[in-house]
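Work through the exercises below with the sequence and the coordinates at hand. Each task is followed by a solution in steps.

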Amino acid sequence: MRTPHLSDFPLRCQHCEQMHLDMTLLQILAVLFLPGAWGQSSSRLGVVLEAKNITLPAGSMAVLPCHSPRMVWTQDRLKDRQRVVHWDLVRSSPEYSMERVLDMSPGVHQRVYNGLNKGRISISDSAFNDGNFSLIINNVVTTDKGVYTCNLHHHYCQIHQSIQIQLNVTKSARKEKRYWDGEKTVFVVLLGSSVALPCVNRRPLWREGLQEDQQQVAHWDFQPPGVRPDRADRLVDLYASGERRDYGPLFSQSKMSVEEDAFTLGDFSLSISDLKPVDKGLYSCHLHHHYCGLHERRIFRLSVGPPLPPAPTTAPRIFENDVPEPRTEEVESPRVVNVILPEHRGYFVQHLGYFLTTFLLLAFIVVAVIGLTRRRKKRGMEYELQRSDRGNVISGGEMSLDCTELNACNQEPLNSAYKNNLLKERDMAKDCNIDFDGKLWK
């Protein structure tokens with residue numbers, strides 16, 4: 001029985017269809033907007049990833065960007081760990097489950113995860129020499145049924161590829177067959193027989209014998225207007241090994257430059273200083289990584305416009321009063337003078353108003369206190385008079401009696417000359433009132 005080859009079955013690459021569509025669109029845009037790129041769209045030059053029109057004024061500096069992290073060179077000292085192959089199995093019954101069958105790296109023995117499969121399931125020890133990663137299953141059992149996936153990973157080149165194969169087990173030899181269901185290859189294998197699930201990739205990067213530092217190249221080309229693509233001028237060649245080749249007088253005059261550590265940073269941008277009309281044309285950046293199979297191209301159409309007008313510069317005008325006095329050799333000690341300036345002209349009037357208002361308020365308070373004091377004294381006197389009037393009314397009868405008795409006791413023989421004297425009667429009445437008051441207070 002012939003061992004199946006990968007060419008018999010399509011190899012599935014993650015996002016390959018989407019990447020192919022994107023590359024096709026970029027090539028179409030490059031042809032439409034950059035007609036000079038039509039003659040350079042061959043596959044040997046690489047896939048066009050970027051196409052731009054750039055217009056800058058004369059005398060300025062142009063930077064044509066060209067970046068690629070995949071072109072960053074780091075010596076693959078761990079080459080054996082950079083390439084990995086592993087087989088996975090997905091079962092749909094009795095319940096959905098996924099398990100790792102085995103994996104392998106260059107220089108490392110293959111590792112089988114299920115102890116029951118040791119000695120029964122394996123891949124060739126020379127897989128990384130001839131590119132044959134097919135999975136060999138001896139003495140097929142019912143539990144081997146499922147969807148197997150062959151995964152190839154190249155971490156150094158950032159390449160990941162996979163292929164799926166479905167394995168069905170039958171007890172009838174007449175039902176043993178192999179077919180394509182539209183998505184993957186299906187193997188129907190007789191119970192107890194052996195089968196090899198194909199996974200073959202003979203690309204050089206999966207095999208030994210390549211020196212990656214000799215496989216990375218970057219170069220810039222310049223195509224002036226009216227010049228055919230095959231007549232484009234080479235500006236510079238860069239190699240990951242450190243070799244560099246400059247062409248023409250432009251680089252010797254330092255008008256154009258590329259960073260010395262371009263492969264360390266992955267930055268291959270071209271800088272053009274002091275732009276002139278002769279610098280317009282088509283510039284292309286070519287990145288080749290033969291070890292990883294990388295071929296990229298970026299195209300820039302550079303147009304040089306008129307120079308920018310110079311910025312107006314006027315000398316500062318100096319008046320006679322602004323001329324600084326010449327300095328003398330004498331050094332004066334610093335003097336500090338504190339000057340308090342009013343905020344406005346009515347500052348003094350405002351504070352005078354505050355003072356007068358305060359004075360008038362105090363005067364009003366003093367006058368009010370004096371008035372209230374006098375009023376209280378007057379009310380006290382009126383209260384005493386009213387109280388004395390009440391005492392006179394209550395004891396009127398007694399006062400008359402006492403006065404009569406007093407007058408009777410104190411009557412003296414009056415001369416006839418005083419009988420008709422009104423003054424004498426008034427004096428007697430006054431004396432009587434005085435005596436009554438004395439008794440009353442006692």
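**Exercise 1.** Determine how β17 and β18 pair in this predicted model, and place them in their sheet.

*Solution.* Step 1: Strand β18 covers residues 270-272, and β17 pairs with it in the antiparallel sense over two bridges. Step 2: For a residue-level check, take Met256, whose bridge partner in β18 is Ile272. Step 3: Extending the view to the whole sheet gives three strands in the order β3-β18-β17, an open arrangement with antiparallel pairing. Step 4: The edges are held by β3 (62-64) and β17 (256-257); each has a single partner strand, so one side of each lacks a neighbour in the sheet.

**Exercise 2.** Give the strand order of the six-strand sheet, and identify its edges.

*Solution.* Step 1: The order is β2-β20-β19-β14-β15-β16, the sheet is open and the pairing is mixed. Step 2: β2 (47-57) and β16 (244-246) pair on one side only, which marks them as the edge strands. Step 3: On average, and with direction ignored, neighbouring strands here are turned by 15 degrees against each other. Step 4: At the β16 edge, the partner is strand β15 (residues 233-239); the two run antiparallel and are joined by three bridges. Step 5: Within this pair, Arg245 in β16 has Asp237 standing opposite.

As background to both exercises, strands of a sheet pair through backbone hydrogen bonds, in either a parallel or an antiparallel manner.

**Exercise 3.** Is His288 buried or exposed, and which side chain does its own side chain contact?

*Solution.* Step 1: Locate His288 in strand β19, which spans residues 281-289. In the six-strand sheet, β19 sits between β20 and β14 in the order. Step 2: The relative accessibility of His288 is 10%. The cut-off for a buried residue is under 20%, so His288 counts as buried. Step 3: The side chain of His288 makes a polar contact of 2.9 Å with the side chain of His295.

**Exercise 4.** Summarise the protein as a whole: how many helices and strands does it have, and what percentage of its residues is buried?

*Solution.* Step 1: The count is nine helices and 20 strands. Step 2: Of the 442 residues, 31% are buried. Step 3: The accessible surface is about 30600 Å², and carbon and sulfur atoms account for 56% of it. Step 4: Take the contacts between residues at least 6 apart in sequence; 59% of these join residues at least 24 apart.

Methods. Residues are numbered from 1 along each chain as its sequence is written. This is a predicted model: local features need pLDDT of at least 70, side-chain atom pairs count only at pLDDT 80 or more; totals for chains, interfaces and linings use all residues. Side-chain values use heavy atoms; hydrogens and water are left out. Helices (H or I, at least four residues) and strands (E, at least two) are DSSP runs, numbered from the N terminus. Buried means under 20% relative accessible area, exposed over 50%, partly exposed in between (1.4 Å probe, protein chains only). A polar contact is a pair of N or O atoms within 3.5 Å; within protein, one must be able to donate a hydrogen and the other to accept it, and residues adjacent in sequence count only if both atoms are side-chain atoms. Two strands pair if DSSP finds at least two bridges between them. Axes are lines fitted to C-alpha atoms, for helices over the stretch in contact, and angles run from 0 to 180 degrees between N-to-C directions. Contact means heavy atoms within 4.5 Å. Accessible areas come from the Shrake-Rupley method with a 1.4 Å probe; for residues, only the protein chains shown count as cover.
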